[in-house]
Amino acid sequence: MTAAHREAAGGPGCGRRPAFGAALAAALALAAAYTLALGLRRHEAAASHQQPTPEAWFVAPTPTSALLVKAGRALFLSSCAHCHGADATGDEGPDLHGEEASDRYIATIINRGIKGEMPSFRKKLGAADIVKLTAYLRSLPVGP
Ligand code: HEC
């Protein structure tokens with residue numbers, strides 16, 4: 001290789017160098033932006049993993065109204081009656097008249113279910129449904 005050849009060979013290479021530098025800078029900037037975006041997304045994911053505890057589903061009971069009881073009865077008939085009886089006097093599941101458990105406990109049972117006994121209704125019933133169901137249970141007559 002002669003000096004001229006070397007110059008000819010090196011020439012274009014030297015000419016490409018600034019372009020290569022710019023490309024590298026752009027790539028680094030892109031990588032930095034990507035890392036930042038990833039970090040933000042990870043932060044978001046962490047926040048969304050702060051799942052509500054079943055208790056967070058609990059809505060303080062609203063005053064029982066005839067409308068709530070009626071809606072609760074409809075929910076009871078479709079979701080609960082086949083185990084607790086159409087009139088909630090019990091079948092496979094216990095009689096729910098005069099239920100002494102707190103509203104919060106009832107909400108937790110409906111939400112979580114009872115292992116091996118009663119299914120969880122977490123996916124089917126929301127907090128508003130639980131309020132209705134509780135209103136219905138509270139409306140059941142107690143006594144001889
Ligand atoms: C697959 C049958 C089944 C279904 C469906 C079911 N339950 Fe139950 N439930 C049970 C059984 C069985 C128990 C009693 C478990 C035990 O005491 O160990 C129970 C217990 C309960 C208790 C607690 C009673 C107590 O004082 O210990 C409540 C409240 C209750 N169910 C409400 C409901 C409501 C409301 C629904 C509908 C959203 C429902 N259940 C649907 C079977 C069922």
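**Stop 1: helices α2 and α5**

Select residues 66-79, which form helix α2, and add helix α5; their axes come within 7 Å. This is a predicted model, so treat each view as a prediction. At what angle do the axes of α2 and α5 cross? They cross at roughly 100°. Angles of 65 to 115 degrees count as roughly perpendicular, and α2 and α5 are therefore roughly perpendicular to each other.

Now show the side chains where the two helices meet. On α2, pick L68, V69, A71, G72, R73, L75 and F76. On α5, pick D129, V131, K132, L133, A135, Y136 and S139. Colour this contact by residue type. You get 9 nonpolar, 2 polar and 3 charged residues.

**Stop 2: helices α4 and α5**

Keep α5, residues 127-139, on screen. Hide α2. Select α4, residues 103-112. How do the axes of α4 and α5 cross? They come within 10 Å and cross at roughly 120°. That angle makes α4 oblique to α5. The crossing is right-handed.

Which residues of α4 meet α5? Select D103, I106, A107 and I110 in α4. Their partners in α5 are I130, L133, T134 and L137. Colour by type again. This contact of α4 with α5 has 6 nonpolar residues, 1 polar residue and 1 charged residue.

Notice L133. This residue of α5 is in the contact with α2, and L133 also takes part in the contact with α4.

**Stop 3: around the ligand**

Centre the view on the ligand. How many residues surround the ligand? There are 19. Label the closest ones: C80, C83, G93, E117 and M118. Next, look for the elements that give two or more residues to this shell. They are α3, residues 81-84, and α4. Which helix gives the most? It is α4, with 3 residues. So you meet α4 again here: the helix that crosses α5 also contributes to the ligand shell.

Colour the shell by type. It divides into 13 nonpolar, 3 polar and 3 charged residues.

**Stop 4: the whole protein**

Zoom out and show everything as a cartoon. Count the elements: the protein has 5 helices and 0 strands. Follow the chain along the sequence, and the pattern reads α-α-α-α-α.

How much of the protein is buried? Of its 144 residues, 14% count as buried. Last, think about contacts between residues with a separation of 6 or more. Residues 24 or more positions apart account for 64% of them.

Terms used. Residues are numbered from 1 along each chain as its sequence is written. This is a predicted model: local features need pLDDT of at least 70, side-chain atom pairs count only at pLDDT 80 or more; totals for chains, interfaces and linings use all residues. Axes are lines fitted to C-alpha atoms, for helices over the stretch in contact, and angles run from 0 to 180 degrees between N-to-C directions. Helices (H or I, at least four residues) and strands (E, at least two) are DSSP runs, numbered from the N terminus. Angles under 35 degrees count as roughly parallel, over 145 as roughly antiparallel, 65 to 115 as roughly perpendicular and the rest as oblique. A crossing is left-handed if the near helix is turned anticlockwise from the far one by less than a right angle, and right-handed if clockwise. Two residues are in contact if their C-beta atoms, placed from the backbone, lie within 7 Å. Ala, Val, Leu, Ile, Met, Phe, Trp, Tyr, Cys and Pro count as nonpolar, Asp, Glu, Lys and Arg as charged, and the others, Gly among them, as polar. A residue is near a molecule or strand if its C-beta atom, placed from the backbone, lies within 6 Å of it. A residue is buried if 20 or more other C-beta atoms lie within 10 Å of its own, exposed if 12 or fewer, and partly exposed in between; C-beta atoms are placed from the backbone.
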